[in-house]
Amino acid sequence: MIDLQKISVAYGRNFVLQDLSVAFERGRVTSIVGRNGCGKSTLVKTMAGILSPAEGVIKLDGVSIEALGRNKRAQRIAYLAQARSEPDLTVGELVLHGRYPYLSPLGRYTQTDREIANAAMAEMGIEALAERPLSSLSGGMRQKAYIAMALAQDTDYILLDEPATYLDISNQLELMQILRRLADKGKGIVTVTHDLPMAFGFSDAIAVLDKGEIALCDTPEAVSGSKLLESVFGVSLTLLAPSGQYGYHF
């Protein structure tokens with residue numbers, strides 16, 4: 001479990017998150033939703049250890065993440081940012097980079113590292129693309145390569161900031177199905193998203209971030225049944241029977 005206890009995060013004197021407490025478990029997909037600029041990206045960066053809270057503690061299975069050190073933390077938590085540069089690498093080279101936290105003192109990848117990277121590409125169905133330049137791929141295939149890199153990192157938790165950005169609807173659905181499958185295999189998946197129906201359709205829990213705090217973290221049914229979405233977004237969500245999908249109600 002990643003357990004955030006009364007954390008506050010600031011940029012200079014401007015506090016973005018204040019006295020925030022929430023926990024994320026393995027084997028679940030949790031979607032973080034909220035208005036633009038409310039601190040969603042700041043929250044996942046802090047969970048990943050990229051940002052340090054001004055106040056509060058973040059514990060990973062009962063141990064402070066600061067006590068783990070950079071490499072140990074990277075062996076437990078993978079983080080994929082929304083905005084990324086496009087490195088001049090092949091797909092195979094990118095995925096192998098996920099093994100970086102496990103490099104030997106000589107800085108060389110082992111045969112085991114390569115086998116794990118190959119297995120991650122197979123899991124994502126992109127093993128045939130191993131020699132392709134990353135720049136030659138479509139947005140959906142490129143996103144699969146980055147998720148394969150996170151899988152090769154072999155962590156308990158994967159944090160994704162707006163992973164469906166720039167993907168068409170079919171690739172968005174496939175991505176969410178992949179994340180759902182990973183959670184069912186025991187990974188803790190935490191994703192920042194602005195797509196409410198997609199989040200509510202695939203997640204085990206929805207964390208609503210508002211005014212620097214988690215206003216509610218509960219099942220999709222409990223969150224959609226509350227009045228919180230109306231106050232935060234000005235919309236409500238309705239489960240559309242018999243499709244089982246969520247739709248907006250303005």
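The largest cavity in this predicted model is lined by Gly140, Gln143, Lys144, Ile147, Leu167, Asn171, Glu174, Leu175 and Ile178. Two helices, α6 and α7 (169-184), are the elements that each give two or more residues to that lining. Besides the cavity, there's helix α5 to get to know, along with the residues it buries.

**The cavity**

- How much space lies in the largest cavity? It's about 60 Å³.
- If you count cavities of 30 Å³ or more, you get one.
- Sort the lining residues of the largest cavity by class and you'll find four nonpolar, three polar and two charged ones.
- Here's the general idea behind the search: rolling a probe the size of a water molecule over the atoms shows where empty space is left.

**Helix α5**

- Helix α5 runs through residues 111-123, which makes 13 residues.
- From its first C-alpha to its last, α5 reaches 18 Å, close to the 18 Å expected at 1.5 Å a residue.
- Look just past the end of α5 and you'll meet glycine 125, which takes a positive phi of about 70°.

**The buried side of α5**

- Which residues of α5 are buried? They're Asp113, Ala117, Ala120 and Met121.
- Why do they line one face of the helix? Looking down the axis of α5, you'd see the buried residues fall within an arc of 100°, so they line one face.
- Among the things covering these buried residues are α4 (91-96) and α6 (139-152).
- So keep an eye on α6: it helps cover the buried residues of α5, and α6 also gives two or more residues to the lining of the largest cavity.

Key:
Residues are numbered from 1 along each chain as its sequence is written. This is a predicted model: local features need pLDDT of at least 70, side-chain atom pairs count only at pLDDT 80 or more; totals for chains, interfaces and linings use all residues. Side-chain values use heavy atoms; hydrogens and water are left out. Helices (H or I, at least four residues) and strands (E, at least two) are DSSP runs, numbered from the N terminus. The expected span of a helix is 1.5 Å times one less than its number of residues. Buried means under 20% relative accessible area, exposed over 50%, partly exposed in between (1.4 Å probe, protein chains only). The arc is that of the directions from the helix axis to the C-beta atoms. Contact means heavy atoms within 4.5 Å. On a 1 Å grid over the protein atoms alone, a cavity is a set of points where a 1.4 Å probe fits but cannot get out, and a pocket is an open set with protein on both sides within 12 Å along at least five of seven lines; lining residues have an atom within 4 Å of a point. Grid points are joined across faces, edges and corners, and a volume is the space filled by probe spheres set on the points. Ala, Val, Leu, Ile, Met, Phe, Trp, Tyr, Cys and Pro count as nonpolar, Asp, Glu, Lys and Arg as charged, and the others, Gly among them, as polar.
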